[in-house]
Amino acid sequence: MLRNVPIFRGLNAKCILEIVNRMTSIVALPGDLIVTKGHSNSGLYFISRGEVEVIVHDDEEEEEQEARKTARPKILLTEGDYFGEVSLLLNTPATATIEAVSFCDLFYISGHDFHLVKEASPDIEQTLRDARKELFDKAGDKETKKEKKMEEEEKQNAASSSSSIMSAKKSLRF
């Protein structure tokens, strides 16, 4: 499984074995909060089986959404994906909440153990940063396309409504 994870693709067998020996197995049930935004999360999680949702929000936005009960676009991670790298790389509290959507088998490596492995293979950190940037760029592209599509539909609806009003006005004229 680890050889399929982008950040570990170039590692030799010895380094991968070192990572595997330091991992622990975690089982999460649907609805379990695996990581909570703002809490200490110094580790990296790998999804072996199942699906999790990444819930990203800021505090003001969270309050507004609770008040309006609006749904956010879902970011789902599945088999072969990983999370926890932002907090791990920046040494900060978790930047998002991660909730199990289905039964999940996860593998976890603590921040301490990750740093020990990183000393043996320093390029892991940069590869992790690059992979995360690519994922955020893709998510941003999807959101931008979605927003543009919604704007286009709104313009079409407005134009359609305007032409319907004009037709109605013309038919009322004698």
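**A sheet and its ring pairs**

Let me begin with the contacts in this chain: among those with a separation of 6 or more, 80% are between residues 24 or more positions apart. Please keep in mind throughout that we are looking at a predicted model. The chain has 174 residues, and buried residues make up 29% of them. As for the outside, the accessible surface comes to about 11,500 Å², and 53% of that surface belongs to carbon and sulfur atoms.

Turning to the elements, the chain holds five helices and eight strands, and if you follow the elements from the N terminus on, they run α-β-β-β-β-α-β-β-α-β-β-α-α.

In what order do the four strands of the open sheet stand? The order is β1-β8-β3-β6, and the pairing is antiparallel. Strands β1, residues 24-28, and β6, residues 82-83, each have a single partner strand and stand at the edges, so one side of each is left without a neighbour in the sheet. Strand β1 is joined by five bridges to β8, which covers residues 104-110, and these two strands run antiparallel. If you would like one bridge to look for, take Val-27, whose bridge partner in β8 is Asp-105. Helix α4, residues 111-120, packs on this sheet, where the helix touches both β3, residues 43-49, and β8, and the direction of the helix makes about 65° with that of β8.

Now to the aromatic rings. A search of the whole structure finds three aromatic pairs. One of them is formed by Tyr-45 and Tyr-108, with 4.7 Å from centre to centre and 45° between the planes, and this pair is tilted. Why does this pair tie together parts that are 63 residues apart in sequence? The reason is that Tyr-45 lies in strand β3, whereas Tyr-108 lies in strand β8. Is Tyr-45 buried or exposed? Tyr-45 has a relative accessible area of 9%, and because buried means under 20%, this residue counts as buried.

Another pair is that of Phe-46 and Tyr-82, whose ring centres are 6.2 Å apart and whose planes stand at 45°, so this pair is tilted. Here too distant parts of the chain are linked, since Phe-46 is in strand β3 and Tyr-82 is in strand β6, 36 residues apart. Both Phe-46 and Tyr-82 are buried. Finally, when you look around Tyr-45 once more, you will find that ring pairs link Tyr-45, Phe-83 and Tyr-108 into a cluster.

Notes
Residues numbered from 1 in each chain as written. Predicted model: local features only at pLDDT ≥ 70, side-chain atom pairs only at ≥ 80, totals over all residues. Heavy atoms only, no water. Pairing = 2+ DSSP bridges. Contact = heavy atoms within 4.5 Å. Axes fitted to C-alpha atoms, helices over the stretch in contact; angles between N-to-C directions. Phe/Tyr/Trp six-rings, centres within 6.5 Å; stacked < 30°, edge-to-face > 60°. Buried < 20%, exposed > 50% of the residue type's maximum accessible area, 1.4 Å probe, protein only. Areas by Shrake-Rupley, 256 points an atom, 1.4 Å probe, with all protein chains shown as cover.
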